[in-house]
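Here is a short report on annotated sites and one helix. Keep the viewer open while reading.

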Amino acid sequence: MAEVLKHGITPEAADAADTKVRDTVQDILTRMKDDPDGVVRELSKKFDDWTPDSFRLSQEQIQACIDSLPQQTIDDIKFAQKQIRTFAEAQRGTMHDLEVETVPGVTLGHRHVPMNSVGCYVPGGRYPMVASAHMSIVTAKVAGVKRIVACTPPTKGNPHPATIAAMALGGADEIYLLGGIQAIAAMAHGTSEMSPVDMVVGPGNAFVAEAKRQLFGRVGIDLLAGPTEILVVADDSADGEMCATDLLGQAEHGPNSPAVLLTTSRRVAQETEQEIARQLETLPTADVAGQAWKDYGQIILVEDDAEMLAEADRIASEHVEILTREPRWYLERMTNYGSLFLGKETNVAYGDKVIGTNHTLPTKGAARYTGGLWVGKFIKTVTYQECTPEASAFIGEYCSRLCAVENFWGHKEQADLRVRRYGGKNA
């Protein structure tokens, strides 16, 4: 039976924080319906000290951001985007249109149709998430989305050059210097200078995630992404230094980022806890990572691989590193995860920044029922049907009887009309 050596924050405390966020977002979104431009400007001034004549960046402003960067940074952005584009194109290649004759004269099919417009949110603040531009914009472009809007908050009153460069190089059609709830609401409702989009995607803080949740239905969303998570699955072949490094690497995202070690080795558990204490003494982001580990860190000791597998699926973490002798044993058996990182040679940072898989992934147990952002999220699979006259009469007789069972007389008449017209019978 699993033994929890270190507990995280209580569920009650987490729920209280969620309630406060929900109420704040609801109030802002209600106000946005009546005065979108005014509320956007008010919140941008309040949270970002940013009230420009236009939130949309001009081509000259975008080019100035690109020109301000070292060539190495531009090359690195292009390299990362190439990896993401290559994988997204390969994924798109697996999505085929379908047409099949189910009975003589009845043709059914589906088509994969890209969305017309998408809004991509790229977080800023303490950590300008340059990579999030790649993950959403490049992937939407590969999917064939016609209009891609990108929003990111200013950094100390100015555009973050690398983020803007990544947006532009990724293929964004419109770039706005706008963050937080106001950016999500603006993309959903539209403003005087921004037409609304059909879907909003991308990670963000708790307020951004809650805004997406409350706006779902008015617009589509990719998924409800909460604070980033990591689960390290380790047997006795692992070492405390690597486990600690990878746990803290994700914990630095925010003070409420869960970081969990799941292991069959008491030695690894003890070494990891000691290493975390040691590394927090020198880690530049120790203020954030240390708080996250204190409140949301866990160490769970289990008896064997079978129990470790069961616990990993129960936790259903966003990022799961498999630091074991046979990592592919877990690939073949695990079902609940956002993304798997197999073996000691890879890590979550690779996936977050450059390797090619998407880093917008399910959190808070959502990996039980959904995967993360990928090219297919930007595509609607829509169906169609077609009948020959003979097939219409044939299907119509079945349809007529089934409609009568349900007392749908108008539906029945649709079928009966075709039977009379195409079947040469009096229905």
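Does His411 count as buried, exposed or partly exposed? His411 counts as partly exposed because its relative accessibility is 43%. Buried means under 20% relative accessible area, exposed means over 50%, and partly exposed lies in between, with a 1.4 Å probe and protein chains only.

This is a predicted model: local features need pLDDT of at least 70, side-chain atom pairs count only at pLDDT 80 or more, and totals for chains, interfaces and linings use all residues. Residues are numbered from 1 along each chain as its sequence is written, and side-chain values use heavy atoms, without hydrogens and water.

## Annotated sites

UniProt, in an unreviewed entry, places the feature "binding site" at Thr228, Gln250, His253, His319, Asp352, Glu406 and His411. These positions spread over 184 residues of sequence, and in space they reach up to 55.7 Å between C-alpha atoms. UniProt positions follow the numbering used here, feature names are shortened, and annotations may be inferred rather than shown by experiment.

UniProt also lists "binding site" (unreviewed entry) for Gln250, His253, Asp352 and His411. They span 162 residues in sequence and their farthest two C-alpha atoms are 55.7 Å apart, so they do not all gather at one spot.

Three of these sites are set out below.

| Residue | Location | Relative accessibility |
|---|---|---|
| Thr228 | loop between strand S8 (220-221) and strand S9 (230-234) | 12%, buried |
| Asp352 | helix H14 (residues 348-353) | 6%, buried |
| His411 | helix H16 (residues 409-423) | 43%, partly exposed |

Helices (H or I, at least four residues) and strands (E, at least two) are DSSP runs, numbered from the N terminus.

Contact means heavy atoms within 4.5 Å. Neighbours within four places in sequence are left aside here. Thr228 is then in contact with Gln250, His253, Ser257, Pro258, Glu318 and His319. Asp352 touches Ala131, Met135, Gln250, His253, His319 and His359 by that criterion.

## Helix H10

H10 has 14 residues (266-279). At 1.5 Å a residue it should span 20 Å, and its end C-alpha atoms are 20 Å apart, which agrees. The expected span is 1.5 Å times one less than the number of residues.

Which residues of H10 are buried? They are Val268, Ala269, Thr272, Glu275, Ile276 and Gln279. These cover an arc of only 135° around the axis, so they sit on the same side of H10. The arc is that of the directions from the helix axis to the C-beta atoms.

Ser265 caps the N-terminal end of H10. A side-chain oxygen of Ser265 lies 3.3 Å from the backbone nitrogen of Arg267.

Notes:
Polar contact = N/O pair within 3.5 Å; in protein donor to acceptor, adjacent residues only side chain to side chain.
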